[in-house]
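Reader: I am new to this structure and would be grateful for a close look at one part of it. Please describe how the aromatic rings are arranged and what surrounds them.

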Amino acid sequence: MQGDREFMLSFFLDLDKGIGKKYPEAKLSACILGGCFFVLHSLRENSPDIDLIISDSTSYRIITEIGTPLAKEKGITLDLMYGTTMNKVNLPENYLKFTKPLKREKGKRKHLLLLTMSPYHVLTSKISRYSEKDKNDINLIMTSNKFKIRKKEFEKSLKNFKPNQTKQTFEKNLKDFYEKYEKYLVLSWWEKLGLHKPIPELKE
């Protein structure tokens, strides 16, 4: 089946209740990505699966135990990833530092903290793969006005990114991305002035 935003939020509430029933002291976290990211940010109406990446073994074990049968019962696919590898794309080791609680959902679940992947890391992973689906997803992020994608922060995320394919292939994809979307990147004041770095005695 295809899950919309309401369905997915209901799934996470039921998952939280299931975790609390068996593990009343548990405090777990998981980060949304893939189709789930796009649905919960209202960029897409629905998705056939719920994608999560989990950084610690306890959260991964318990969410797998409670979430897999729950997803089967509700007729949706639950895709769980562990560590720093997202759909065969390596995330920076510190990607969790840039995640945030899902807007308007913080505190609604007692045992499961639902985080959202940084749009910068979503973009870099999709530029790395660059399939037609990835290109469509990139277009949704860049043209939706849901996110302010700052050029400076985007370039920072690229420095910490280790593409799985050759450097030449990634740079080719990145060049195509810039040609299409550089006009949507938000510039800092010093970038607008054409400076390569901020003036030391002034703060941005």
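Author: In this predicted model, a search of the whole structure yields 9 aromatic pairs. One of them joins Phe37 and Phe38, whose ring centres are 5.4 Å apart and whose planes meet at 75 degrees, an edge-to-face arrangement. Both Phe37 and Phe38 are buried. Another pair is made by Phe154 and Tyr178: with 6.0 Å between the ring centres and 80 degrees between the planes, this pair is edge-to-face because its angle is over 60 degrees. Phe154 belongs to helix 6 and Tyr178 to helix 7, so their pairing ties together parts of the chain that are 24 residues apart in sequence.

The two partners of this second pair may be taken in turn. Phe154 has a relative accessibility of 0% and therefore counts as buried. Tyr178 has a relative accessible area of 19%; the limit for buried is under 20%, so Tyr178 is buried as well. Phe154 and Tyr178 also belong to one aromatic cluster, together with Phe177, Tyr181 and Tyr184.

This cluster leads to the nonpolar interior. The largest nonpolar core has 30 residues, and Phe154 and Phe177 are among those with the most contacts inside it, along with Ile141, Met142 and Ile149. Two or more residues of this core come from each of strand 2 (28-33), helix 2 (34-40), helix 4 (119-129), helix 5 (132-143), helix 6 (151-159) and helix 7 (167-181). Helix 7 supplies the largest share, 5 residues. Such grouping follows a general pattern: in soluble globular proteins, nonpolar side chains tend to be buried together.

Met142 shows how the core meets the aromatic cluster. Beyond its neighbours within four places in sequence, Met142 is in contact with Leu123, Ile149, Phe177, Tyr181, Tyr184 and Leu185. Of these partners, Phe177, Tyr181 and Tyr184 are members of the cluster already described. There is also a second, separate core, which has 28 residues and includes Phe7, Met8, Ala30 and Ile76.

Helix 6, which carries Phe154, deserves a closer view. Its buried residues are Lys151, Phe154, Ser157 and Leu158. These residues span an arc of only 120 degrees around the axis, which places them on the same side of helix 6. The geometry of a helix helps to explain such a pattern: an α-helix has 3.6 residues a turn, so residues three or four places apart point the same way.

Several of these residues meet helix 4, where Thr124 is found. Leaving out residues up to four places away in sequence, Thr124 touches Phe154, Ser157, Leu158, Phe161 and Phe170. Thr124 itself has a relative accessible area of 1% and is therefore buried. Its surroundings are similarly covered: the buried residues of helix 4 are Pro119, Tyr120, His121, Val122, Leu123, Thr124, Ser125, Lys126, Ile127 and Ser128. With 10 of its 11 residues buried, helix 4 is largely enclosed by the rest of the structure. After helix 4 comes Tyr130, which has a positive phi, near 60 degrees.

A return to the Phe37 and Phe38 pair adds a charged neighbour and two cysteines in the same stretch of sequence. Arg44 lies over the face of Phe38, 4.8 Å from the ring centre. As for the cysteines, the count of disulfides is 0. Cys31 takes part in none, its nearest cysteine sulfur being that of Cys36, 9.6 Å away. Cys36 likewise has Cys31 as its closest partner, and at 9.6 Å the two sulfur atoms are too far apart for a bond, since a disulfide requires them to be within 2.5 Å. Cys31 has 1% relative accessibility and so counts as buried, and Cys36, at 0%, is buried too.

For contrast, Glu25 lies in the loop between helix 1 (5-22) and strand 2. Its relative accessibility is 71%, so Glu25 counts as exposed. The C-alpha atom of Glu25 is 9.6 Å from that of Lys110, although 85 residues separate the two along the chain.

These details belong to a chain with 8 helices and 9 strands. Of its 204 residues, 45% count as buried. Among the contacts with a separation of 6 or more, 72% are between residues 24 or more positions apart.

Terms used
Residues are numbered from 1 along each chain as its sequence is written. This is a predicted model: local features need pLDDT of at least 70, side-chain atom pairs count only at pLDDT 80 or more; totals for chains, interfaces and linings use all residues. Side-chain values use heavy atoms; hydrogens and water are left out. A nonpolar core is a set of buried Ala, Val, Leu, Ile, Met, Phe, Trp, Tyr and Cys residues joined through side-chain atoms within 4.5 Å. Buried means under 20% relative accessible area, exposed over 50%, partly exposed in between (1.4 Å probe, protein chains only). Helices (H or I, at least four residues) and strands (E, at least two) are DSSP runs, numbered from the N terminus. Contact means heavy atoms within 4.5 Å. Rings of Phe, Tyr and Trp (its six-membered ring) pair if their centres lie within 6.5 Å; planes under 30 degrees apart count as stacked, over 60 as edge-to-face and the rest as tilted. A charge sits over a ring if NZ of Lys or CZ of Arg is within 6 Å of the ring centre and within 35 degrees of the ring normal. The arc is that of the directions from the helix axis to the C-beta atoms.
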